Amino acid sequence: MFVGTHAVTTKVIRKWDNELFFTILNNINDVVLVIDSDTVIVYLNEAYSKVLGVPVSNALGRRLEELEPGSRTIKVLRTGVASSNNVGYLESLDMNVVGSTFPFYDNGKIIGAISIFRNVNEVVQLKSELEQTKGIADYLKEQLEQWEKLPHSFKEYVGQNSRLKETLVLAAKVARTESTVLILGESGVGKEVLARAVHNSSRRKDKPMIKVNCAAIPEDLIESELFGYEDGAFTGAKKGGKLGKFELANSGTIFLDEIGDMSLTMQAKLLRVLQEKEFERVGGTKTIKIDIRVIAATNRDLESMVQNETFRRDLYYRLNIVPLILTPLRERKDDLLALSKTFLKQFARQVDYELTLSPQVMSIFQAYDWPGNIRELQNVLEHASIVCGGDMIEIRHLPALFTTADGQYSSVQNKPYAVKENVARFEKELILLALANNNNNRTNTMKSLGISRRAFYNKLHRYGIKMED
């Protein structure tokens, strides 16, 4: 009785053990895969479908060698060497997995292998993102360190824009060399400021930096301005001759601004000076040796000019050793506030009271394209600081370009030929300037404007100009 009962109980327990075993396997989150000696998949738990997104029926009974020929499970089956906690890649499913694989034996012979693994795509992706984030953080740290180490002369160039920083860091590096520098950028972006910073950070900082505006000198005078002339070189020449800008800049720096406006004839003569480091004065025969550094700047597209044969290719390559490109203000509006504060601080000393921008004005500044760049911003703020008469600059204090006749914001920049609007804005600006120049004395303002008392007060009302009684 006992034996019989024991036999029945053992059979039930074995059945229960099998059911429990498979229940456990089907409720764990890791994939369990079993192959036989021919790599045929003989068992897969339910996690296979959940983790890999493939029905068990699609893989069960198929050879793993066909599905995933590079599988680590096959390698373990062939070699008998177990693998623990290794990262693998399932090419057929584009999936990264990590797990362990070990062979199992029957009478000392390998009859299959078991692999237990999990999908770690998210972990790998996270690791990649963390590495990228760290890389970006390291880069920004490096850029910040470079920025903080910029020579003091570069601090004059206000701004935190990333493109500007890259240019200034490069400028600081080239300043320590003797290389020719070419500064490119629209009018008003601060090319001369950057040229001065490069010079003041160079070994020549205690020597002169001589500026030449190539666009402002007449063609028939530019050669004598650059290279000087001897006594009697031409009619009207100064007695005893005159030193040219290159001689004045000897041992220092010459800044050739607007070099894109130089004629082809002068370009050829300049090229010789850059190559030979020597020249002759106009009307002279003596060769003058010079030790000089050249910084050139232009708002012109020199590459297009080279293609159109209006700028010498050889001179372009001689100048374009280290180009420094300055970003226009419309592309670095994140610096608008810092630039405005810098200028307002300067103008506050002139008007003898603190100056700030109203939120409405700052909003207008952000919307405006600033075709004149930093120089235009400076001029606008100087105008507003004079007209303002108080500590807060409002829309009505801006130049006529920004305001309507009633002192509201205008988009007249998009309507350059709107005669009535422009005349009204110009008239309002004249009245405000006249008031400022006459210390708000109404009688003197009327006289300077040449209008009657009645017309004066009508215009004050029309343009919303308020005066303290």
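Which residue is the bridge partner of Leu33 in β2? In this predicted model, the partner is Leu44. Leu33 falls within strand β1, which spans residues 31–36. The two strands, β1 and β2, run antiparallel and are joined by 3 bridges.

This pair belongs to a wider sheet. The sheet is open and is formed by 5 strands. Their order is β2-β1-β5-β4-β3, with antiparallel pairing. In general, the strands of a sheet pair through backbone hydrogen bonds, and this pairing is either parallel or antiparallel. The edges are held by β2 (41–44) and β3 (83–90). Each edge strand has a single partner, so one of its sides has no neighbour in the sheet. On average, neighbouring strands are turned by 30° against each other, direction ignored.

A helix also meets this sheet. Helix α5, residues 72–79, lies across β1, β3, β4 (95–106) and β5 (109–119). The helix runs at about 155° to β5.

Attention now turns to a pocket. The second largest pocket holds about 560 Å³ of space. Its lining is made up of 21 residues. Closest to the pocket centre are Val189, Gly190, Val193, Ile374 and Gln378. Three helices appear in the lining with two or more residues each: α8 (191–200), α14 (336–351) and α16 (373–388). What is the chemical make-up of the lining, in nonpolar, polar and charged residues? The lining of the second largest pocket divides into 7 nonpolar, 6 polar and 8 charged residues.

Conventions: Residues numbered from 1 in each chain as written. Predicted model: local features only at pLDDT ≥ 70, side-chain atom pairs only at ≥ 80, totals over all residues. Heavy atoms only, no water. 1 Å grid on protein atoms, 1.4 Å probe; cavity = no way out; pocket = protein on both sides within 12 Å on 5 of 7 lines; lining within 4 Å. Points joined across faces, edges and corners; volume = space filled by probe spheres on them. Helix = DSSP H or I, 4+ residues; strand = E, 2+ residues; numbered from the N terminus. Nonpolar A, V, L, I, M, F, W, Y, C, P; charged D, E, K, R; others polar. Pairing = 2+ DSSP bridges. Axes fitted to C-alpha atoms, helices over the stretch in contact; angles between N-to-C directions. Contact = heavy atoms within 4.5 Å.
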